[in-house]
Amino acid sequence: MMTWLAEFWGYADAVVETATLRDAPKLAELHAASFHRGWDEQEFADLLSERNTLVHRLRVGRRIIGFVASRIGADEAEILSIAVAASYRGRGLSREMLLTHLGHLAGRGVATVFLEVEENNQPARRLYNRTGFQVVGRRERYYRQPNGEQLNALIMRRDLS
């Protein structure tokens, strides 16, 4: 799905599409580059094989530069992870990818979407705020950093209906 924003930033060929098992190695690579505890290729293969998950990839040309993954249960979904390659961040591409993903979730009958985000992750919080998510809860010391520091998680929600 192309938008004016993608064209504005020179990414007229940016496409959000359903990820496949073949994408597992690249998704694992993107995840490892974005999080201190990355998911491995097998974890992505398992995720992509589950019937109750939806994973979209963001592609520019032939290069996969991002993904978003959700798990669906009844009329709710949880965003499990979202990442965009560092060299493509700050250009509106993650917003367009997330909005496309939310549209597909709504098309599957999902009415409410939840996610958890590290409280100090300002870029992610800006993304979620700009796409209609609201803070509805908090988990104290939920995330553990490599240095042992524990950080709070915010629970966010967006209604799709």
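1. A residue counts as exposed when its relative accessible area is over 50%, as buried when that area is under 20%, and as partly exposed in between. With those cut-offs, take Ala74. At 75% relative accessibility, Ala74 is over the 50% mark and therefore exposed. Ala74 sits in the loop that links β3 (63-73) to β4 (76-84). Its phi is near 55°. That is a positive value, in a residue other than glycine. When you check the backbone here, keep in mind that this is a predicted model.

2. Now the overall fold. The chain contains five helices and seven strands. Their order along the sequence is α-β-α-α-β-β-β-α-β-α-β-β. The UniProt record, an unreviewed entry, places the annotation "domain: N-acetyltransferase" on residues 14-161. This annotation may be inferred rather than shown by experiment. Over residues 14-161, helix makes up 30% and strand 41%. The end C-alpha atoms of that stretch lie 27 Å apart.

3. Next, overall dimensions. What radius of gyration would a compact globule of 161 residues have? It would be near 15 Å, and the chain has 15 Å, so the two agree. Along the principal axes, the C-alpha atoms fill a box of roughly 40 × 40 × 35 Å. Of the 161 residues, 43% count as buried. Take the contacts between residues at least 6 apart in sequence: 58% of them join residues at least 24 apart.

4. Surface and charge. About 8,800 Å² of the chain is exposed. Carbon and sulfur atoms supply 47% of that area. The chain carries 22 positive and 20 negative charges. The mean positions of the two sets are 3 Å apart.

5. Thr53 belongs to strand β2 (residues 53-60). Is Thr53 buried or exposed? Its relative accessibility is 8%, under the 20% limit, so Thr53 counts as buried. Setting aside residues up to four places away in sequence, Thr53 touches Leu47, Ser70, Arg71 and Arg108. Thr53 and Glu78 are 25 residues apart in sequence. Their C-alpha atoms are 9.4 Å apart in space.

6. Ala32 is part of helix α2 (residues 24-34). Its relative accessible area is 46%, which lies between the 20% and 50% limits, so Ala32 is partly exposed. Ala32 and Ala83 are separated by 51 residues in sequence. In space, the C-alpha to C-alpha distance for this pair is 9.7 Å.

7. Glu119 lies in the loop between β5 (112-118) and α5. Why does Glu119 count as buried? Its relative accessible area is 18%, and the cut-off is under 20%. Which residues does Glu119 touch, leaving out those up to four places away in sequence? They are Arg125, Arg138, Asn152, Ala153 and Leu154. Compare its position with that of Gly107. Glu119 and Gly107 are twelve residues apart in sequence, and their C-alpha atoms are 30 Å apart in space.

8. Tyr128 is placed in helix α5. With a relative accessible area of 6%, Tyr128 is buried, because the value is under 20%. Beyond residues up to four places away in sequence, Tyr128 touches Ile82, Leu98, Leu115, Val117, Phe133 and Met156. Glu41 gives a second reference point. Tyr128 and Glu41 are 87 residues apart in sequence and 26 Å apart in space, C-alpha to C-alpha.

9. Thr131 is in the loop that runs between α5 (122-130) and β6 (134-144). Its relative accessible area is 3%, so Thr131 is buried. Not counting residues up to four places away in sequence, Thr131 touches Arg95, Leu98, Leu99, Leu102 and Arg158. Leu98 is therefore a contact of Thr131 and also of Tyr128, with heavy atoms within 4.5 Å in each case.

10. A last point on loops. Ala74 and Thr131 both lie in loops. Ala74 is exposed, at 75% relative accessibility. Thr131, at 3%, is buried. Glu119, also in a loop, is buried at 18%.

Terms used. Residues are numbered from 1 along each chain as its sequence is written. This is a predicted model: local features need pLDDT of at least 70, side-chain atom pairs count only at pLDDT 80 or more; totals for chains, interfaces and linings use all residues. Side-chain values use heavy atoms; hydrogens and water are left out. Helices (H or I, at least four residues) and strands (E, at least two) are DSSP runs, numbered from the N terminus. The radius of gyration is taken over C-alpha atoms; the globule rule is 2.2 Å times the number of residues to the power 0.38. Buried means under 20% relative accessible area, exposed over 50%, partly exposed in between (1.4 Å probe, protein chains only). Accessible areas come from the Shrake-Rupley method with a 1.4 Å probe; for residues, only the protein chains shown count as cover. Lys and Arg count as positive and Asp and Glu as negative; His and the chain ends are not counted. The place of a charge is taken as NZ of Lys, CZ of Arg, CG of Asp or CD of Glu.
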